[in-house]
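Let's take a walk through a protein together. Have a look at the sequence and the 3D view, and keep both at hand as you read.

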Amino acid sequence: MYMKNKDQQFQALVEAYHKPLYRYAYWLTSDESVAEDLVQETFMRAWRALDSLQNVEAAKSWLITILRRENARRFQRKSLEYTDIEADELPDNSGHYAFSTNLEALRNCMGRLSEKYREPIVMQLVLGYSQDEIAQALDIPANTVATRLRRARQQLQAMLGGNDEQGYSRGVGV
């Protein structure tokens with residue numbers, strides 16, 4: 001009886017949050033297979049800890065927290081591989097973007113933001129989180145979230161060809 005209830009509760013969570021979690025993971029990683037692995041590991045951990053979920057309305061934040069921690073573990077487990085690439089072989093992204101869609105340009109620029117700016121802007125734009133929800137999820141004050149969101153938008157605007165007073169389009173300050 002209990003297991004069936006747990007199965008149903010878990011299935012409801014998967015159906016409700018798989019797509020938002022995947023979108024968030026994809027924005028964090030820019031890799032479909034890594035994003036899918038993160039979501040799968042998130043749900044595996046959620047299954048094991050499902051009894052600790054006291055408030056169903058907090059499920060989304062709870063799952064995002066699990067996903068964020070799993071993403072951090074990914075970097076702890078994996079040592080980064082460095083490759084010697086000549087500077088001439090790297091694509092020149094210093095000028096205007098020649099991507100086929102604005103979304104791809106935005107994705108590229110968001111990937112260039114430091115994590116402290118990228119994470120709240122992704123939570124707001126991809127997950128639809130409010131400032132207070134982001135503050136709670138990241139365990140930082142709401143005013144700090146507001147500052148990071150504002151700076152993230154300024155940097156994105158500069159990178160996308162808007163205001164470039166701070167030199168962000170040239171990679172300065174990102």
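## Starting from the core

In this predicted model, the largest nonpolar core is a good place to begin: the core has 42 residues, and those with the most contacts inside it are Leu13, Leu21, Tyr24, Trp62, Leu63, Ile121 and Met123. Each of the helices H1 (2-29), H2 (32-48), H3 (59-77), H4 (102-112), H5, H6 (131-138) and H7 supplies at least two residues of this core. The largest share, eight residues, comes from H1.

Now step back to the whole chain. The protein has seven helices and zero strands, so reading along the sequence gives the pattern α-α-α-α-α-α-α, where a helix is a DSSP run of at least four residues. Of the 174 residues, 35% count as buried. The accessible surface comes to about 11,200 Å², and 47% of that surface belongs to carbon and sulfur atoms. How many of the contacts join residues at least 24 apart in sequence, if you consider those between residues at least 6 apart? The share is 59%.

Next, let's see how two of these helices meet. Helix H5 covers residues 115-125 and helix H7 covers residues 142-159; their axes lie 9 Å apart, and the helices pack at an angle of about 95°. H5 and H7 are therefore roughly perpendicular to each other, because angles of 65 to 115 degrees count that way. On the H5 side, the contact is made by Lys116, Tyr117, Pro120, Ile121 and Gln124. On the H7 side, Arg148, Leu149, Arg151, Ala152, Arg153, Gln155 and Leu156 take part. Sorted by class, this contact of H5 with H7 has six nonpolar, two polar and four charged residues. You have already met Ile121, one of the residues with the most contacts inside the core.

Gln124 deserves a closer look. This residue is found in helix H5. Is Gln124 buried or partly exposed? With a relative accessible area of 23%, Gln124 is partly exposed, because buried means under 20%. Setting aside residues up to four places away in sequence, Gln124 touches Tyr129, Ile134, Leu149 and Arg153. Two of these names, Leu149 and Arg153, belong to the H7 side of the contact described above. Gln124 and Ile134 are 10 residues apart in sequence, and their C-alpha atoms are 7.5 Å apart in space.

From Gln124 we can move on to Tyr129, which is found in the loop between H5 and H6. Although Tyr129 is in a loop, this residue is buried, with a relative accessible area of 3%. Beyond residues up to four places away in sequence, Tyr129 touches Lys60, Ser61, Ile64, Met123, Gln124, Ile134 and Ala137. Where does Ser61 lie relative to Tyr129 in sequence and in space? The two are 68 residues apart in sequence and 9.4 Å apart in space, C-alpha to C-alpha.

Met123 appears in that list of contacts too, and it brings us back to the core, where Met123 is one of the residues with the most contacts. Leaving aside neighbours within four places in sequence, Met123 is in contact with Tyr24, Ile64, Arg68, Gly128, Tyr129, Ile134, Ala137 and Leu138. Tyr24, like Met123, is listed among the core residues with the most contacts.

A few other places show how the chain meets itself. Ala16 is found in helix H1 and, at 42% relative accessibility, counts as partly exposed. Ala16 and Lys60 are 44 residues apart in sequence but 8.9 Å apart in space, C-alpha to C-alpha. Leu160 lies in the segment after H7 and is partly exposed, at 43% relative accessibility. Its contacts, leaving aside neighbours within four places in sequence, are Ala105, Leu106 and Cys109. Leu160 and Leu106 are 54 residues apart in sequence and 7.5 Å apart in space, C-alpha to C-alpha.

Finally, look at the backbone in two loops. Ser30, in the loop between H1 and H2, has a positive phi of about 60° although it is not a glycine. At 44% relative accessibility, Ser30 counts as partly exposed. Asp139, in the loop between H6 and H7, also has a positive phi, near 60°, in a residue other than glycine. Asp139 counts as exposed, at 69% relative accessibility.

How values were computed. Residues are numbered from 1 along each chain as its sequence is written. This is a predicted model: local features need pLDDT of at least 70, side-chain atom pairs count only at pLDDT 80 or more; totals for chains, interfaces and linings use all residues. Side-chain values use heavy atoms; hydrogens and water are left out. Buried means under 20% relative accessible area, exposed over 50%, partly exposed in between (1.4 Å probe, protein chains only). Contact means heavy atoms within 4.5 Å. Accessible areas come from the Shrake-Rupley method with a 1.4 Å probe; for residues, only the protein chains shown count as cover. Axes are lines fitted to C-alpha atoms, for helices over the stretch in contact, and angles run from 0 to 180 degrees between N-to-C directions. Angles under 35 degrees count as roughly parallel, over 145 as roughly antiparallel, 65 to 115 as roughly perpendicular and the rest as oblique. Ala, Val, Leu, Ile, Met, Phe, Trp, Tyr, Cys and Pro count as nonpolar, Asp, Glu, Lys and Arg as charged, and the others, Gly among them, as polar. A nonpolar core is a set of buried Ala, Val, Leu, Ile, Met, Phe, Trp, Tyr and Cys residues joined through side-chain atoms within 4.5 Å.
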